[in-house]
Amino acid sequence: MKKIIFIISFFTVLVFSGCRKNPVQETFSAPYSTDGVAAGKIAPLMAMSRNADSADFSKSVENSVSLESENLVSENGRKLIKSGDISFEVHDLEKAESAVLEWVKAFGGYVADSNKNERSSYYSVRIPCNNFDAAMESCGQIGNLKSKGFSTQDVSEQFYDVQSRLETRKVLREKLNSYLKQASSMQDMLKVERELNSVQSEIESMEGRLKWLSSQVDFSAININIMLPFNTTQGGFELPDFGNGARHFAANLMFFFGFMLTAVLYLVICGVPLVLFLAFLFWLLFGKIGLLVKLYKKLKG
C-alpha cells in the first residue's frame, strides 16, 4: 500500500512540475504581463541618459507582442472589409432614387455620396457588415439588374497588429510619464519628453488608423450605377440629332484640312531651307567645285 501511495505521489509531482515549465504558456503570457514589462523592458530606459537608446526599448517592447498579435485573429474573429458594385437600367431616375433610399434605409445604412445627370445617377452607400449579403441579394428591386459583383479584403492581421502595438505604446506612455516626474536633471527631462512626444504621436496615428479600419469593417461600401436605356432621357425615347451629328462631322472635317495645311506650311518653311543646304553641300563637295573629289584625286595621284 505504501508503494502505491509513493508511486501516485511521484507521478503527481512530475505532472505538476511539467505544467509549471510549459514553454507555450510562458511564451504567450509574458508579452502582456505588466510586471514583466516593468521589470524586463522598462529597466533599460532608466539608464537612457547614460548609455541606453530609447528607440531600442520601443522596438523590444513592440517585438514582445508579435506572437500574441498573431493569435488574436483566431481568438477575436476575422476583420473583413466587404465592398460591392451594382449596375441598373431604369426608365425613371427619380423612382430609382426613391427605391435606392428605401433599400438603404431597410438595411440600416446611409448614402455617403451621390452624383446625378440627365441620363444617369451614381450612389455610394454604406451598409452594416451584418446586412451586406442580404442587401446584395435583394438589390434587384431597384431596377433592371445589369451587373453585380463584390469583393472581400481580410485585414485581421493588420487590425490586431495595430491594436497590439497601440496597447504597448500606451503602457510605454504611462512609464515615461512616471519617469518624467522622477527626472533629476534637465538633460534627463528633455530626453524623456522627446521620447514621450514621439510615443504620443505614434499613439494618435495608430488610433486614427484603427478607427478607420473599424469603420471600413463595420460598414460595407456598395457603389450603385443607374442608367437610362440607350437614346432615352427622363421624358422618354429621344431620336438621334442628325443636325448635331452633321455639325460634328463638318467640324472634324475642317479640323482635318486645317491640320493638313499646317503640316504643308511646316514642310515648306522648314523643308525648303534644308533642301537648299543639302544642295549646297553637294555642289561644294561633289559638284563643280568638288573639294572631296579633288582631294581624292590628289591623294590617289
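## Strand 5 and its surroundings

Tyr 123 has Ile 224, in strand 5, as its bridge partner. That pairing is a good place to enter this predicted model. Strand 3 and strand 5 run antiparallel to each other, joined over 9 bridges. Strand 5 also pairs with strand 1, here in the parallel sense and over 7 bridges. One bridge on that side matches Gly 84 with Ile 222 of strand 5.

Now look at the side chains of strand 5. In a regular strand, side chains alternate between the two faces of the sheet. Strand 5 shows this alternation. Ser 220, Ile 222, Ile 224 and Ile 226 point to one face and are buried. Phe 219, Ala 221, Asn 223, Asn 225 and Met 227 point to the other face and are not buried.

Three of these names return in the core. The largest nonpolar core has 22 residues. Phe 88, Trp 103, Val 125, Ile 222, Ile 224 and Ile 226 touch the most other members. Five elements each give two or more residues to this core: strand 1 (80-89), helix 7 (93-106), strand 3 (120-128), helix 8 (132-137) and strand 5 (219-227). Helix 7 supplies the largest share, 6 residues. A separate core of 14 residues lies apart from this one. Val 162, Leu 166, Tyr 179 and Leu 196 are among its members.

Phe 88 deserves a closer look. Set aside its neighbours within four places in sequence. Phe 88 is then in contact with Cys 139, Gly 140, Ile 142, Gly 143, Asn 144, Leu 145 and Lys 146, among others. Its contacts also include Ile 224, Asn 225, Ile 226 and Met 227.

Next come the charged pairs. The whole structure holds 7 salt bridges. In one of them, Asp 154 meets Arg 78, with the closest N and O atoms 2.8 Å apart. This pair links distant parts of the chain, 76 residues apart. Asp 154 sits in strand 4 (residues 144-154), and Arg 78 in the loop between helix 6 (66-76) and strand 1. Asp 154 counts as partly exposed because its relative accessibility is 39%. Arg 78 reaches 53%, so it counts as exposed.

Another salt bridge joins Lys 82 and Asp 133, where the closest N and O atoms are 3.8 Å apart. Lys 82 belongs to strand 1 and Asp 133 to helix 8, so this pair ties together parts 51 residues apart in sequence. Why does Lys 82 count as buried? Its relative accessibility is 19%, and the cut-off for buried is under 20%. Asp 133, at 46%, is partly exposed.

A further salt bridge brings together the side chains of Lys 170 and Glu 207, at 3.9 Å from N to O. Lys 170 lies in helix 9 (residues 156-182) and Glu 207 in helix 10 (residues 186-218), so the pair ties together parts 37 residues apart in sequence. Both ends are partly exposed: Lys 170 has a relative accessible area of 25%, and Glu 207 has a relative accessibility of 36%.

Finally, step back to the whole chain. Its secondary structure comes to 12 helices and 7 strands. Of its 301 residues, 25% are buried. The chain exposes about 20,800 Å², and carbon and sulfur atoms supply 61% of that area. Take the contacts between residues at least 6 apart in sequence: 74% of them join residues at least 24 apart.

Terms used
Residues are numbered from 1 along each chain as its sequence is written. This is a predicted model: local features need pLDDT of at least 70, side-chain atom pairs count only at pLDDT 80 or more; totals for chains, interfaces and linings use all residues. Side-chain values use heavy atoms; hydrogens and water are left out. A nonpolar core is a set of buried Ala, Val, Leu, Ile, Met, Phe, Trp, Tyr and Cys residues joined through side-chain atoms within 4.5 Å. Buried means under 20% relative accessible area, exposed over 50%, partly exposed in between (1.4 Å probe, protein chains only). Helices (H or I, at least four residues) and strands (E, at least two) are DSSP runs, numbered from the N terminus. Contact means heavy atoms within 4.5 Å. Accessible areas come from the Shrake-Rupley method with a 1.4 Å probe; for residues, only the protein chains shown count as cover. Two strands pair if DSSP finds at least two bridges between them. A salt bridge is a side-chain nitrogen of Lys or Arg within 4 Å of a carboxyl oxygen of Asp or Glu.
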